[in-house]
Structures are given as C-alpha cells and as structure tokens.
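Student: Hi! Could you walk me through this one while I have it open?

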Amino acid sequence: MALRLIADGERGRRDGRHPTSPARPSPARFPLRLLAAILLILGGLFSILPVLGLWMRPLGLAPLAQDVPALKVPMERAACWIERQWRRRRGG
C-alpha cells in the first residue's frame with residue numbers, strides 16, 4: 001500500500017488539487033531529469049565496475065517516469081512490490 005500523504009481529517013487544499021494528488025513535475029526541470037536518467041541508465045550498463053551497478057538502472061527510470069506516461073504505472077507497481085517485499089522480510 002502506498003504511503004499516505006495527508007491526515008484523514010484534511011479535506012482540501014487552497015490550490016484546488018485533491019490533497020492526495022502528487023505534485024506535478026516542473027516542466028522547467030525536464031532537461032535535468034532527462035540528463036540524470038540517462039546518466040544513471042548508462043552507468044548501470046557498466047555494472048562490472050565496483051561503484052556502478054545494476055541498482056542504477058531502476059533509479060534512472062524513476063525520473064524518466066515523471067515525463068513518460070507509459071513508465072508511470074510499471075514504476076508504481078515495482079515500487080509497491082518492493083515495499084511489500086521489504087515489509088515481508090523485515091517482519092512489519
């Protein structure tokens with residue numbers, strides 16, 4: 001289950017968005033997100049090196065999913081699956 005962002009008693013916000021709606025990514029930051037995503041994905045290709053590794057690939061897809069609608073749902077599913085596995089293994 002995804003994390004709740006608000007308290008149960010809160011009804012609305014002054015900006016008109018629903019309280020649980022995520023913040024919209026800033027279009028001005030798109031080049032920065034794209035650069036970070038590309039560098040992380042390319043760094044994941046060099047997983048033989050000690051610092052670079054496979055962990056960089058999904059981390060690179062996360063900022064890319066902010067701008068590519070087709071990646072949002074798979075990334076959310078993957079995050080929920082990771083959270084379920086973490087809780088199961090940690091006993092929580």
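Tutor: Happy to, and we can start with the overall layout, then turn to single residues. Keep in mind that this is a predicted model.

Student: Okay, how many helices and strands does the chain have?

Tutor: There are 3 helices and 0 strands. Read from the N terminus, the order of elements is α-α-α. Helix α1 covers residues 30-45, α2 covers 56-65 and α3 covers 69-90.

Student: And what is the mean pLDDT of the chain?

Tutor: The mean is 78, with 73% of the residues at 70 or more. Confidence is highest in α3, at 92, and lowest in α2, at a mean of 88.

Student: Where does pLDDT stay under 50?

Tutor: Over residues 1-12. The model gives that stretch 10 contacts beyond four places in sequence.

Student: What percentage of the chain is buried?

Tutor: Of the 92 residues, 15% are buried. The accessible surface adds up to about 7800 Å², and carbon and sulfur atoms account for 65% of that.

Student: What about contacts between parts far apart in sequence?

Tutor: Take the contacts between residues at least 6 apart: 23% of them join residues at least 24 apart.

Student: Switching topic, how many salt bridges are there?

Tutor: The count is 2. In one, arginine 33 pairs with aspartate 67, and their closest N and O atoms are 2.8 Å apart. Arginine 33 sits in helix α1 and aspartate 67 in the loop between α2 and α3, so this pair ties together parts 34 residues apart in sequence.

Student: Is arginine 33 buried or exposed?

Tutor: Arginine 33 is buried, at a relative accessible area of 14%, which is under the 20% cut-off. Its partner, aspartate 67, is partly exposed at 27%.

Student: Which residues is arginine 33 in contact with, leaving aside its neighbours within four places?

Tutor: Those are Pro25, Ser26, Pro63, Gln66 and Asp67. Two of them are worth a look here. Pro63 is one of the buried residues of α2, while serine 26 belongs to the segment before α1.

Student: Tell me a bit more about serine 26?

Tutor: Serine 26 is partly exposed, with a relative accessible area of 32%. Its C-alpha atom is separated from that of aspartate 67 by 9.8 Å, although the two residues are 41 apart along the chain. You can make a similar check with arginine 33 and alanine 65: they are 32 residues apart along the chain, and 9.7 Å separates their C-alpha atoms.

Student: Since you mentioned α2, which of its residues are buried?

Tutor: Met56, Gly60, Pro63 and Ala65. What covers them includes α1 and α3.

Student: Back to the salt bridges. What's the other one?

Tutor: Glutamate 83 with arginine 87, where the closest N and O atoms are 2.8 Å apart. Both residues lie in helix α3, 4 residues apart, or about one turn of the helix.

Student: Why does that spacing suit a pair on a helix?

Tutor: An α-helix has 3.6 residues a turn, so residues three or four places apart point the same way. As for exposure, arginine 87 counts as partly exposed, at 40% relative accessibility.

Student: While we're on α3, how far apart are its end C-alpha atoms?

Tutor: They are 32 Å apart. With 22 residues at 1.5 Å a residue, the helix should span 32 Å, so the model agrees with the expected value.

Student: And what comes just after α3?

Tutor: Glycine 91 is found there, with a positive phi of about 80 degrees.

Student: Last topic: which residues form a nonpolar patch on the surface?

Tutor: Phe30, Leu34, Ile38, Leu42, Leu45, Phe46 and Leu49 do, and together they have about 630 Å² of accessible area. Isoleucine 38 is one of the patch members and lies in helix α1.

Student: How accessible is isoleucine 38?

Tutor: Isoleucine 38 counts as partly exposed, at 42% relative accessibility. Compare arginine 33, also in helix α1, which is buried at 14%.

Student: Great, thanks!

Methods: Residues numbered from 1 in each chain as written. Predicted model: local features only at pLDDT ≥ 70, side-chain atom pairs only at ≥ 80, totals over all residues. Heavy atoms only, no water. Helix = DSSP H or I, 4+ residues; strand = E, 2+ residues; numbered from the N terminus. Buried < 20%, exposed > 50% of the residue type's maximum accessible area, 1.4 Å probe, protein only. Contact = heavy atoms within 4.5 Å. Areas by Shrake-Rupley, 256 points an atom, 1.4 Å probe, with all protein chains shown as cover. Salt bridge = Lys/Arg side-chain N within 4 Å of Asp/Glu carboxyl O. pLDDT = per-residue confidence, 0-100. Patch = residues over 30% accessible without salt bridge, like charges linked within 9 Å, V, L, I, M, F, W, Y side chains within 5 Å. Expected span 1.5 Å × (residues − 1).
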